[in-house]
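Dear colleague,

I am passing on the structure we spoke about, so that you can open it alongside this message. Please look through it first, and then read the notes that follow.

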Amino acid sequence: MNNPFLDESSGDEAEDTTAPRSSTAATTVRTPPPPVVTAARLPKLTTEIPLLSRNPPLLREETSGKDDSADEQDGKLLADDAEFDDFGDLADAKIEQLGDGQWGEEFREMRYMREQARLEEEEAGTGNGEDGGFIMEECCPVCNGSLAGLTADQATTHVNGCLDGDPIPLPKPPEVSVSKNRQEDGVESLELSKRFAKAAVPRPGQANPITLDGQDEETGRGDAASKSAFAKLMNGHAEDTAWATAAAAENASRGMPAYKRTCPFYKIMPGFFICVDAFRYGAVEGCKAYFLSHFHSDHYIGLTANWTHGPIYCSKVTGSLVKTQLKTAAQYVVELEFDEKVPVPGIEGVSVTMIDANHCPGSSLFLFEKEARGRRTHRILHCGDFRACPAHINHPQLCPETVDAATGRLSQQRIDVCYLDTTYLNPRYSFPPQDDVIRASADLCVSLNNSLVAEDEGPWNALLRRREGGPPPGIDGVGKFFKPEKPARSSRKPTATNPAAQPTAFTALQAPTSARNRLLVVCGTYSIGKERICVAIALALRTKIFATPAKMRLCRQLDDPVLASLLTEDPREAQVHMQALGELRADTLAEYLEAHSRHFGRVVGFRPSGWNFRAPGGNASASLPPTSVPMVQVLHGQGWRPSFGARDLVPQRGSGKGAMCFGVPYSEHSSFRELAMFLMALRIEKVVPTVNVGSEQSRRRMKAWTDRWLAERKRGGLVKVLIEEEGGGEGKGKKAVAMWDGKSAEGGGAYW
């Protein structure tokens, strides 16, 4: 049985996109070399982390919650999904027009992984611009023999033989004549060397319309007499022009090498000579330090073993992954400690404090500070990707007021510019707290597991009745023809006079009763990220987590002892399996269960993503004007801070008793309301979006909301974050806090 999570569609970034490909054509993918994704198609006992498909699944086909709230634009977008599935990179152009956020973070991650794979193939000298078969890079899980150089079919045949006790000798890879290919290889290597040499030549970044108190972008000085032309662009029209220029340049340079790209202004910290998550542009003129917020491909893209352009500052977890997975030389990787303010070498007066981003393991916020002679310190906060939380608001380097340790005086602490993760800066996505979603998913798994052990179909039937777009009541698809009868309990042993108790050729192939009563849970993850929900479910079920060797190597670098203690390479030992998020659907889950049917009876899968959220009642749309919603409603209204429980989980289309798939609104990015709370609780003066900036319409919508929040904070005062006690309520003995009402500049409280 092949791994259903592996896709066999074309993966060549340079393919011709002038005509649509048939979605039914049996094509293969040239193996991308990044070690975070392997191409092993291992049957029966082991399932390798799947390759993300060339054509994305319909990410929002069915969700947990009502879908009636979709606005007109998003509705059209979903209707067009199938069309773009068959057009490869033409879909990427459409993404740039509409904004990546409309397509989901899985699609964006997949797109950048493809481009990173292409870069690494070129660097390794294995990219030939043509489609090829899967090339195996793993070992056989049974005999430990190397599968390097084998196709998927050869590897499948070998592993099946080992599993059946009849090992098949591994074929030797064909010998390559060195003399025959030496000249050809030399030409290719020379061409690659030229390309990387060109990328190492610093190129000017885009002119930056953002300056700090009249700073000169080139010198970083605040002398009014030395203002450059860049400083004169500090007005709304000039900034709009810069955004339009950046979007056009990004679109025009798609698929081009680094030395033909221009680093956009929103990746360059004005006056600090620092770039953040800007590795795809090669060396940037004037940049003395490069920062990497976390190890997701849309942020590290362009960072390879040939990087020589300058020091890379990041967390220890991220640094470890950069060195082991991307093979970047250790001499360029500088690992920082969280919450320690340190000077940035080579940049006079500049320091950085790295803060936990609450995103994926190792993810970071960077607070840059620059002391100017005779002027106050300039402060820039870059959020990378983050899930805003009370810990950020209360962080001593970010909080709006600080107390002088010597004098006891209270002073304001402001942030000049915040580069904000705007993935969900859309009123449709005020999804519930992460902990609520984790708890709901774990509770559901416990309930289904217990009912399976007790052979109680009640919870399963109740879930299917919630299913939207499913068959009429009482019809469960083809599964209705294969419902096993409840086994009779008997202590009688097989004897010659009791043939019914003796095993037959048919009964010997059936799963044992213990397997039929065992639940399998498959959780969708990225290369790293989404581990929290896997751990919570495993702890609730008191079981292990299965991950492939490649995934386990990654997980062991995440500095998470709980996760490490739960991992196992034996899929039979674990009721929780990690798999790639992009290919998780009801049909692939059914195939996955079939491959493990001797050990599990039913399977449920979770697709954790904020894009799965639909607000009950559909009270918000992407085009909702900021002035149409009172700020007190966003801060205090229950519809904007919804709760979430197991009762809110709805099986996706195609789910049945045997295999159920759930889209759960678990996100590691900030929700719409959390972004509002973040900006209204801190003294942030200016916001620069970093996600969904490809279209003018998207930028205008986001700016309207951020401008509104900053204005409301100025008029009504800071929001003071309140934390509810478990079970709700303020708790006894706590001093009452006036709630934020926007009527007094003194501000007020709001529950996170």
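In which loop does Asp 339 lie? Asp 339 is found in the loop between β5 (333-336) and β6 (341-343), and the backbone there has a feature that you may wish to look at, since the phi of this residue is near 65°, a positive value in a residue other than glycine. Most residues other than glycine have a negative phi. As for its surroundings, Asp 339 counts as partly exposed, because its relative accessibility is 48%.

Asn 692 can be read alongside it, for the phi of Asn 692 is likewise near 65°, again a positive value in a residue that is not glycine. Asn 692 has its place in the loop between β19 (683-689) and α19 (696-716). Is Asn 692 buried or exposed? With a relative accessible area of 11%, Asn 692 is buried, because the cut-off for that term is under 20%.

Before you go further, please keep in mind that this is a predicted model. The mean pLDDT of the protein is 75, and 64% of its residues reach 70 or more. Two stretches call for particular care in reading: over residues 6-103 the pLDDT stays under 50, although the model has 262 contacts beyond four places in sequence for them, and over residues 469-511 the pLDDT is also below 50, with 25 contacts in the model beyond near neighbours in sequence.

Taken as a whole, the protein has 19 helices and 21 strands, and of its 752 residues 55% are buried. Among the contacts with a separation of 6 or more, 70% are accounted for by residues 24 or more positions apart. The protein exposes about 32,900 Å², of which carbon and sulfur atoms supply 53%.

One helix pair is also worth describing. The axes of helix α10 (residues 434-453) and helix α13 (residues 531-541) come within 9 Å and cross at roughly 40°, and the crossing in which α10 passes α13 is right-handed. On the α10 side the contact is made by Gln 434, Ile 438, Ser 441, Ala 442, Cys 445, Val 446 and Asn 449, while α13 contributes Arg 532, Ile 533, Ala 536, Ile 537, Ala 540 and Leu 541. How do the residues of this contact divide into nonpolar, polar and charged? In the contact of α10 with α13, 9 are nonpolar, 3 are polar and 1 is charged.

With best wishes

Methods. Residues numbered from 1 in each chain as written. Predicted model: local features only at pLDDT ≥ 70, side-chain atom pairs only at ≥ 80, totals over all residues. Heavy atoms only, no water. pLDDT = per-residue confidence, 0-100. Contact = heavy atoms within 4.5 Å. Helix = DSSP H or I, 4+ residues; strand = E, 2+ residues; numbered from the N terminus. Buried < 20%, exposed > 50% of the residue type's maximum accessible area, 1.4 Å probe, protein only. Areas by Shrake-Rupley, 256 points an atom, 1.4 Å probe, with all protein chains shown as cover. Axes fitted to C-alpha atoms, helices over the stretch in contact; angles between N-to-C directions. Left-handed = near helix turned anticlockwise from the far one by under 90°. Nonpolar A, V, L, I, M, F, W, Y, C, P; charged D, E, K, R; others polar.
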